Amino acid sequence: MEKKEPYASKEEYQQRVIHYPDVPEIELNPGSMSHIVSTDKVMLSFLQQEPNAYFPPHRHEAEQVMIVLDGAQDEIVEGKLYPLKKGDVIILPSNVEHGGYIPEAGCVALDIFIPPRTDLLEKLKAALRGTKT
């Protein structure tokens, strides 16, 4: 085996690595919980949606890319349904109305927002303080 670079120090590691399950979980809607990780320019939402949950149509300035990691979802986009399953990626441009119906399988997804959503940052800050928004 070839020589490797040295491992990062504990301090260096803590500056760059986040174990997302350790981030407080926030409720986005009833039946939809998320761990949020954000930088100044991009936000990740590790989303768990319960079976038979409903995510009401909404819109936001941030562009959104949703990756279905497990389960399924019928995404509502501008009044039309897009059935999504594990491995599907849907692109939602800024200010496009969207929501979702979650079937019996539930849905695990990764949402990427550019730029970060300020409403979700506020929920995360409240969770870190131990309060609700």
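**Exercise 1. Find the residue whose charged end sits over the ring of Phe113, and say how far it is from the ring centre.**

Step 1. Start at Phe113 and look for a charge over its ring, meaning NZ of Lys or CZ of Arg within 6 Å of the ring centre and within 35 degrees of the ring normal.
Step 2. You'll land on Arg117, whose charged end is 5.2 Å from the centre of the Phe113 ring.

A quick note before going on: you're looking at a predicted model, where local features need pLDDT of at least 70 and side-chain atom pairs count only at pLDDT 80 or more, while totals for chains, interfaces and linings use all residues. Residues are numbered from 1 along each chain as its sequence is written, and side-chain values use heavy atoms, with hydrogens and water left out.

**Exercise 2. Work out which residues of α2 are buried and which are exposed.**

Step 1. Locate the helix: α2 runs over residues 118-129. Helices (H or I, at least four residues) and strands (E, at least two) are DSSP runs, numbered from the N terminus.
Step 2. Check its length. Its 12 residues reach 16 Å from first C-alpha to last, close to the 16 Å expected at 1.5 Å a residue (that is, 1.5 Å times one less than the number of residues).
Step 3. Pick out the buried ones: Leu120, Leu124 and Ala126. Buried means under 20% relative accessible area, exposed over 50%, and partly exposed in between (1.4 Å probe, protein chains only).
Step 4. These cover an arc of only 160° around the axis, so they sit on the same side of α2. The arc is taken from the directions from the helix axis to the C-beta atoms.
Step 5. Turn to the other side of α2, and you'll meet Thr118 and Arg129, both exposed.
Step 6. Just after the helix comes Gly130, with a positive phi near 85°.

**Exercise 3. Find the strands that the buried residues of α2 pack against, then follow Leu28 and Phe55.**

Step 1. The strands are β1 (25-29), β2 (32-38), β3 (43-49) and β9 (107-114).
Step 2. Take Leu28. Leaving aside neighbours within four places in sequence, its contacts (heavy atoms within 4.5 Å) include Leu47, Phe55 and Leu120.
Step 3. Hop to Phe55, which is found in strand β4. Phe55 is buried, at 13% relative accessible area.
Step 4. With the same sequence neighbours set aside, Phe55 is in contact with Leu28, Asn29, Ser32, Gln49, Gly99 and Gly100.

**Exercise 4. Find the aromatic pairs: how many are there in the whole structure, and how is each arranged?**

Step 1. Rings of Phe, Tyr and Trp (its six-membered ring) pair if their centres lie within 6.5 Å; planes under 30 degrees apart count as stacked, over 60 as edge-to-face and the rest as tilted.
Step 2. The search finds 2 pairs.
Step 3. In one, Tyr20 and Phe46 have ring centres 3.8 Å apart and planes at 10°, so this pair is stacked. Tyr20 is in the loop between α1 (10-16) and β1, and Phe46 is in β3, so the pair ties together parts 26 residues apart in sequence.
Step 4. Tyr54 and Tyr101 make a tilted pair, 5.1 Å centre to centre with 35° between the planes. Tyr54 lies in β4 (residues 54-58) and Tyr101 in β8 (residues 98-101), so this pair ties together parts 47 residues apart in sequence.
Step 5. Look at accessibility: Phe46 is buried at 18%, whereas Tyr101 is partly exposed at 42%.
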